[in-house]
Structure formats: structure tokens, C-alpha cells
Amino acid sequence: MLSIDAIRSGVLHAPSHQKKEIADYVEWQSNKAEGPPVKVLHLEIMKTESVFGREHVAWDVHTDEPGRWWVITNPTNLYSQRDFQSLDYTFSFHIGVTARMASRDAKEAPDSQKGRLLSCWRRWENAAEAIDNAKEAADFQSVGMMCREALLDLVRVLQREVVLPPKVERPKAADFLDWFDLIANYFAGGKRNERVRGYIKSNATELWQLANWVTHSSRAVRYEADLVLDATEHFFGFVSSVVMQFEADSPETCPHCNSYRIVAVYEPDLNIEPPYVNYCEACGWHDYVAPEEEEEDEAITAPASK
């Protein structure tokens with residue numbers, strides 16, 4: 001049987017942040033029960049498959065306790081290879097579980113964006129939960145109103161960050177349309193972002209009108225509530241992406257391998273400013289330097305005392 005070191009030397013390396021996420025997940029799940037702590041020794045990607053537009057990645061994970069695990073993502077779950085010996089069978093099982101979870105997850109904000117605009121996404125999630133019990137026009141109106149309040153919360157959060165141009169008066173706090181004109185100009189400024197900026201502004205106008213119409217429609221029906229709910233989620237999604245891209249100041253390409261697969265991850269717990277780490281999904285490069293590494297660099301470059 002090959003040793004862990006021999007296996008490591010013969011496999012392609014996945015990006016370090018992805019490996020860390022999977023290793024942390026397996027150790028977290030494995031160490032819930034009492035007993036000696038379980039440690040991940042090795043992991044590698046075995047298979048990637050797209051089903052109904054969702055990409056699932058299968059990992060083979062070795063731990064220091066007897067046994068190996070399949071870990072399949074989106075959503076992430078682990079399966080003991082003692083019980084699930086075939087990866088193809090495990091994939092089929094996982095997709096079935098995923099289909100049942102999709103309905104529940106559709107009511108939750110995406111983790112990659114939720115942290116930055118947490119209060120706004122929570123309001124949207126409340127609207128998504130409310131629609132399950134909606135039966136009459138007043139219930140559907142309420143969903144429209146909750147989406148409208150979520151949009152106003154988005155404006156309140158983002159207006160704190162906007163630097164107004166000279167001689168431009170500050171709109172009223174709840175003036176959604178005027179504020180989103182300024183928000184789009186600020187977070188998606190410049191000639192390159194002209195189309196993005198226009199898309200934000202046009203969607204803001206149409207969505208605001210739709211949310212108000214459903215809120216005040218005494219004859220509102222389910223598909224109209226579904227429409228404003230889905231449109232609000234879509235709007236939050238691309239606005240979150242634009243804001244995070246602006247704040248992270250991500251490079252257009254990876255400085256190490258020149259790939260365009262750069263992602264910005266919101267990491268407020270690292271106490272860095274801005275609170276983002278840029279990762280390259282192609283080679284694993286990232287721009288985060290731990291405090292202890294900064295101290296070592298300073299010690300190396302500091303002039304020797306006389």
C-alpha cells in the first residue's frame with residue numbers, strides 16, 4: 001500500500017484555500033464525537049461534475065484514524081469510504097440529497113456574499129420564508145413590502161461608504177433611486193464599468209417600481225410575489241459582487257500565473273483592511289500575509305544596529 005508521502009508526490013496540487021476549507025470541514029465533522037482528535041493527512045480532487053448547472057467537486061481525504069472519506073461539495077458533505085466504496089454511487093447519492101436541500105437553500109443567501117451585507121440578506125431571507133405560508137393577496141403584498149424594506153436597508157448600508165462628488169447634495173436616507181445612482185457611480189466608476197453601471201441603475205429602477213407595485217396591489221398573486229423575491233435576490237447578488245470587487249481592489253489577473261480566476265473572499269475576522277483576501281483558483285496564490293510573516297520580513301530587511 002502506498003504511503004501518504006508517496007501519494008502526495010504523485011498528485012496535482014489544488015489551490016491551498018480550497019484544500020484548507022475541505023480539511024477544516026472534515027476535522028470539524030470528525031471531532032464532534034468524543035475521542036482522540038482526528039487530523040487530515042492528505043486530500044486530493046478526484047472528480048468534478050456539473051449537474052443542472054451546479055458544479056460538484058469530489059475529494060479523497062485521508063485522516064490519521066483508520067479510514068478515508070469522500071467529500072463532495074455544493075453543498076459540502078462527507079461519506080465514509082467504508083460504507084460508500086464507489087465514488088460514482090456516492091455522487092448519485094449526493095445529488096439526490098442535494099436536490100432535496102436545494103428547496104431549503106433557495107431561501108438562504110449565498111455564503112460568499114452574505115457576510116458583507118448581512119442585515120440586507122437577512123431581510124430577504126425573511127421574505128423568502130414568508131412566501132411559503134402566503135395564501136391571500138395581503139400575504140403576497142407583505143412579501144413585496146419585505147423586499148422593499150430589504151432594498152432600503154441595502155441603501156442605508158452602502159450610502160455610508162459612498163464618497164459624494166464635489167457640489168453634489170446628499171439625498172434623503174430613504175431615497176432609493178437617487179442613492180443608487182450615486183452608489184453605482186461610486187462602486188462601478190470609470191469607462192470600463194460603463195455597462196455594469198448602467199445595468200445596476202436600470203435594474204434598481206425596475207426593481208424598486210416592481211416592489212412598490214406588489215406592496216400596494218390589493219390583487220397581488222403568488223407569481224408576482226415570487227417575481228419580486230427572485231428579482232431582489234438577483235439584484236443583491238450582483239450588487240454584492242460589484243461592491244466586494246471594488247473594496248477588495250482585486251488584480252485583474254494573478255501576478256503568479258496570469259490567470260483570470262481571481263476571487264475576493266470577505267474575511268472580517270482577520271482584522272485586515274480592507275477585510276478581503278484575493279485568491280487565485282488556478283494556482284492558489286493569495287495576497288494575505290499573516291502578522292508573524294510580516295514580523296519576519298521586517299526583521300530580515302531591518303538594518304543591523306551598530
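Colleague: Which helix provides the largest share of the lining of the second largest pocket?

Modeller: That is α9, with three residues. Before we go on, this is a predicted model, in which local features need pLDDT of at least 70 and side-chain atom pairs count only at pLDDT 80 or more, while totals for chains, interfaces and linings use all residues. Residues are numbered from 1 along each chain as its sequence is written, and side-chain values use heavy atoms, with hydrogens and water left out. Helices (H or I, at least four residues) and strands (E, at least two) are DSSP runs numbered from the N terminus.

Colleague: How should I read pockets and cavities, and what lines the second largest pocket?

Modeller: Rolling a probe the size of a water molecule over the atoms shows where empty space is left. On a 1 Å grid over the protein atoms alone, a cavity is a set of points where a 1.4 Å probe fits but cannot get out; a pocket is an open set with protein on both sides within 12 Å along at least five of seven lines, and lining residues have an atom within 4 Å of a point. Grid points are joined across faces, edges and corners, and a volume is the space filled by probe spheres set on the points. Here the second largest pocket holds about 290 Å³. Its lining includes F187, R192, V242, F246 and D249. By class, that lining has six nonpolar, three polar and three charged residues, where Ala, Val, Leu, Ile, Met, Phe, Trp, Tyr, Cys and Pro count as nonpolar, Asp, Glu, Lys and Arg as charged, and the others, Gly among them, as polar.

Colleague: How many cavities of 30 Å³ or more does a search of the whole structure find?

Modeller: The search finds one. The largest cavity has about 30 Å³ of space, and around it sit F180, I183, A184, F187, I200, V239, V242 and V243. Those lining residues divide into eight nonpolar, no polar and no charged. Both α7 (176-187) and α9 (222-248) supply at least two of them, and α7 gives the most, with four residues.

Colleague: How do I read the packing of α7 and α9, and at what angle do they cross?

Modeller: Axes are lines fitted to C-alpha atoms, for helices over the stretch in contact, and angles run from 0 to 180 degrees between N-to-C directions. Angles under 35 degrees count as roughly parallel, over 145 as roughly antiparallel, 65 to 115 as roughly perpendicular and the rest as oblique. The axes of α7 and α9 cross at roughly 40 degrees and come within 10 Å, so the two helices are oblique to each other. Their crossing is left-handed, meaning that the near helix is turned anticlockwise from the far one by less than a right angle (right-handed if clockwise). Contact means heavy atoms within 4.5 Å. On α7 it is made by F176, F180, Y186 and F187, and on α9 by F235, V239, V242, V243, F246 and E247. This contact has nine nonpolar, no polar and one charged residue.

Colleague: Which residues of α6 meet α7?

Modeller: First the geometry: α6 (residues 137-159) packs on α7 at about 45 degrees, with the axes 10 Å apart. That makes α6 oblique to α7, and their crossing is left-handed. From α6 come L151, L152, L154, V155, L158 and Q159, which meet F176, W179, F180, I183 and F187 of α7. The class count is ten nonpolar, one polar and no charged.

Colleague: Are α5 and α6 roughly parallel or roughly antiparallel?

Modeller: Their angle is about 175 degrees, with the axes 8 Å apart, and they are therefore roughly antiparallel. Residues in the contact include R123 and W124 of α5, and E149 and D153 of α6. The contact has ten nonpolar, two polar and four charged residues.

Colleague: Which backbone details should I look at, and where is the cis bond before P75?

Modeller: Most residues other than glycine have a negative phi, and most peptide bonds are trans. In this model the bond from N74 to P75 is cis, with omega near -5 degrees, and P75 is in the loop between β3 (68-72) and β4 (77-80). Another cis bond joins E273 and P274, with omega about -5 degrees; P274 is in the loop between β5 (262-266) and β6 (276-280). D249 has a positive phi near 50 degrees and lies in the loop between α9 and β5. D249 also lines the second largest pocket.
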